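Here is a short tour for someone meeting this model for the first time. Have a look at it, then read on.

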Amino acid sequence: MMACFERASPALMEILLKIHRAERPVEIDYHVHEFGSVHYHVQCSASDPHCAYLSISTPLLSRGLTFSSQLPEHILETVNGIFPRIIETIELSEEGYQLTLKLDFSRIPHGKASTKIITEISSVRAVILSSHLKEILTKADSNGMYKPIKLVYHPSEPFFLIKQQAKITAVFPMRFKENEDVVIATAFFQELTDVGNSEKCRKAPRCIWSPIPPPELRGESIEDLCTNCGFVTFDITSRHVEGKKLDKTVWNLLNFYTFVKYYVKSTRGFIQRRMRLRLEKLMIQPLHDVVDVDQEDRRPEKKAKGCKRVKKWITASKSKIVRKRQKLMNKIKRIRFRIKIHSFVGRFRRRWLKMPKFSRVTRYMKLE
């Protein structure tokens, strides 16, 4: 997901660096798929190690739902202008691809400069998308009407641009499949609106979130205005499209949907981890403690080692045992006869321990 925010493709950059840094000629034929719809094909022959062919297929930014498979002339000129001596556009592109480039690695210097050049070449997809959006923005001036321009990069994620005299308004209808994502995204948009309109972010584009469509989209189709998470609007002024800021602004607009999805996914993961830890703390840990106690109770008891004095008596001789036993008996006697209660003992014996008397002669009576 984080690779979407980078202009250069990490996988493509790794392959091109491998070709450039190879000490021996290498035979390479790689197919790279990114984001489900971007496809790269890199070819390099061992017979000609200084040349490589890069074919690209990517969805283009289009108006409405009419998608074009061919690149306009102004985009081809922009791609050729990246490094004219290194990049050459092949007129007949490879079948199934929109663009095929011939790369001359013999003109790329070694060292840190090579990494910078290959990074720029790996960002050709970002150049294609950005130049297409720039072209749409410049052509909007000739209309003279403030009519919304519907732009589609992914079929389920359209957004609108409204060109006005003092600003450009970008409107993003937000839709999510699950209710949990709607709750997280709504809270994020409200916080983004509060922070974006604060004094600290006064130089950033003005951000507005609304559960209902903004007035600029009045008259659009019902399908485009039906959302479950409202509409996010950014007001882009002239200072946001000056010089190098233009590329950054265009790239942020193209990746706004991706950024929101990344935030929602990360937040859901964080909430699930916290819930799992809390469940373990409240329920699972006490159960483990009970199991540990049961296991301790079931352990066999250790045999008593015995009293040290008994061991000494066993190891001692008979004479010593007799002497110690006699001393013990004398102590018991002294303790026993130290306190005497004569009156109580005498009465107890006379009253309760008195034995009955029997006559010595036994007489029998005859029964008739």
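How much area does the chain expose, and what share of it do carbon and sulfur atoms supply? The chain exposes about 26,800 Å², and carbon and sulfur atoms supply 56% of it. Accessible areas come from the Shrake-Rupley method with a 1.4 Å probe, and for residues only the protein chains shown count as cover.

A word on the ground rules. This is a predicted model, where local features need pLDDT of at least 70 and side-chain atom pairs count only at pLDDT 80 or more, while totals for chains, interfaces and linings use all residues. Residues are numbered from 1 along each chain as its sequence is written, and side-chain values use heavy atoms, with hydrogens and water left out.

The chain's secondary structure comes to eleven helices and eleven strands. These are DSSP runs numbered from the N terminus, with at least four residues for helices (H or I) and at least two for strands (E). Out of 368 residues, 33% count as buried. Buried means under 20% relative accessible area, exposed means over 50%, and partly exposed is in between (1.4 Å probe, protein chains only).

Here are three residues to look up:

| Residue | Element | Relative accessible area |
|---|---|---|
| Serine 130 | H4 (residues 124–139) | 2%, buried |
| Aspartate 235 | E11 (residues 231–236) | 8%, buried |
| Methionine 275 | H8 (residues 256–298) | 56%, exposed |

Serine 130's side chain reaches the backbone oxygen of alanine 126 at 2.8 Å. Leaving aside neighbours within four places in sequence, serine 130 is in contact (heavy atoms within 4.5 Å) with Arg7, Val250, Trp251 and Leu254.

As for aspartate 235, its side chain makes a polar contact of 3.5 Å with that of lysine 167. Such a contact is a pair of N or O atoms within 3.5 Å; within protein, one must be able to donate a hydrogen and the other to accept it, and residues adjacent in sequence count only if both atoms are side-chain atoms.

Now for some strands. Strand E8 (residues 157–163) is largely enclosed by the rest of the structure, because six of its seven residues are buried. E7 (residues 149–154) runs antiparallel to E8, joined by five bridges, and the two form a hairpin with two residues between them. Two strands pair if DSSP finds at least two bridges between them. E8 also pairs with E9 (residues 168–173) in the antiparallel sense, over four bridges. In that pairing, isoleucine 162 has threonine 169 as its bridge partner.
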